[in-house]
Amino acid sequence: MPLCVYLCYTPGCNTKVERWMLTAEEGKNAKMECPRCGVVMAVAWLGQQTPTPNMKDAPMPRVPER
Ligand SMILES: [Zn+2]
């Protein structure tokens, strides 16, 4: 299940809503209303199969000591 992120671009609101959708397509077509101002929010991100980068898996840059 993709995690879909919706953003409200109303000045002073800027609410972010995350919803689990059955499919990315469903998330894209969903008209998610902002819980604060009621505006239909813009889809910011559709989870899909791309895994969230894991911090511990990221290569840690080594600063050589002098
Ligand atoms: Zn809003």
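This is a short walk through the model, stop by stop, with something to select at each one.

**Before you start**

Residue numbers start from 1 in each chain and follow the sequence as written. You're looking at a predicted model, where local features need pLDDT of at least 70, side-chain atom pairs count only at pLDDT 80 or more, and totals for chains, interfaces and linings use all residues.

**Whole chain**

Show the protein chain as a cartoon and you should find one helix and three strands. These are DSSP runs numbered from the N terminus: H or I of at least four residues for helices, E of at least two for strands. Going along the sequence, the elements come as β-β-α-β.

Now colour by burial. A residue is buried with 20 or more other C-beta atoms within 10 Å of its own, exposed with 12 or fewer, and partly exposed in between, with C-beta atoms placed from the backbone. On that count, 9% of the 66 residues of the protein chain are buried.

For contacts, the rule is two C-beta atoms, placed from the backbone, within 7 Å. Among contacts in the protein chain with a separation of 6 or more, 43% link residues 24 or more positions apart.

**The sheet**

Select the three strands together: they make an open sheet in the order β2-β1-β3, with antiparallel pairing. β2 and β3 are the edge strands, each pairing on one side only. From one strand to the next, the twist averages 25°; axes here are lines fitted to C-alpha atoms, for helices over the stretch in contact, and angles run from 0 to 180 degrees between N-to-C directions. Strands pair if DSSP finds at least two bridges between them.

**Strand β1**

Next, pick residues 3–7, which are strand β1. In a regular strand the side chains alternate between the two faces of the sheet. Here C4 and Y6 sit on the covered face, while L3, V5 and L7 are on the uncovered one.

**Across to β2**

Add residues 16–20, strand β2, which runs antiparallel to β1 and is joined to it by five bridges. Step along the pairing: L3 has W20 as its bridge partner, V5 stands opposite E18, and L7 is partnered by K16. How many of the five residues of β2 are buried? The number is zero, so β2 lies largely in the open.

**Across to β3**

On the other pairing, select residues 42–46 for strand β3, which is antiparallel to β1 and shares four bridges with it. Go back to V5 and look for W45, its bridge partner in β3.

**The loop between β1 and β2**

Two residues are worth a click in this loop. N14 is found there, and its phi is positive, about 50°, although it is not a glycine. Most residues other than glycine have a negative phi. N14 is exposed, with 12 other C-beta atoms within 10 Å.

C13 lies in the loop between β1 and β2 too, but counts as partly exposed, with 15 C-beta neighbours inside 10 Å. Leaving out residues up to four places away in sequence, C13 touches C8, C34, R36 and C37. Finish by putting a distance label on C13 and C37: their C-alpha atoms are separated by 7.3 Å, though the two are 24 residues apart along the chain.
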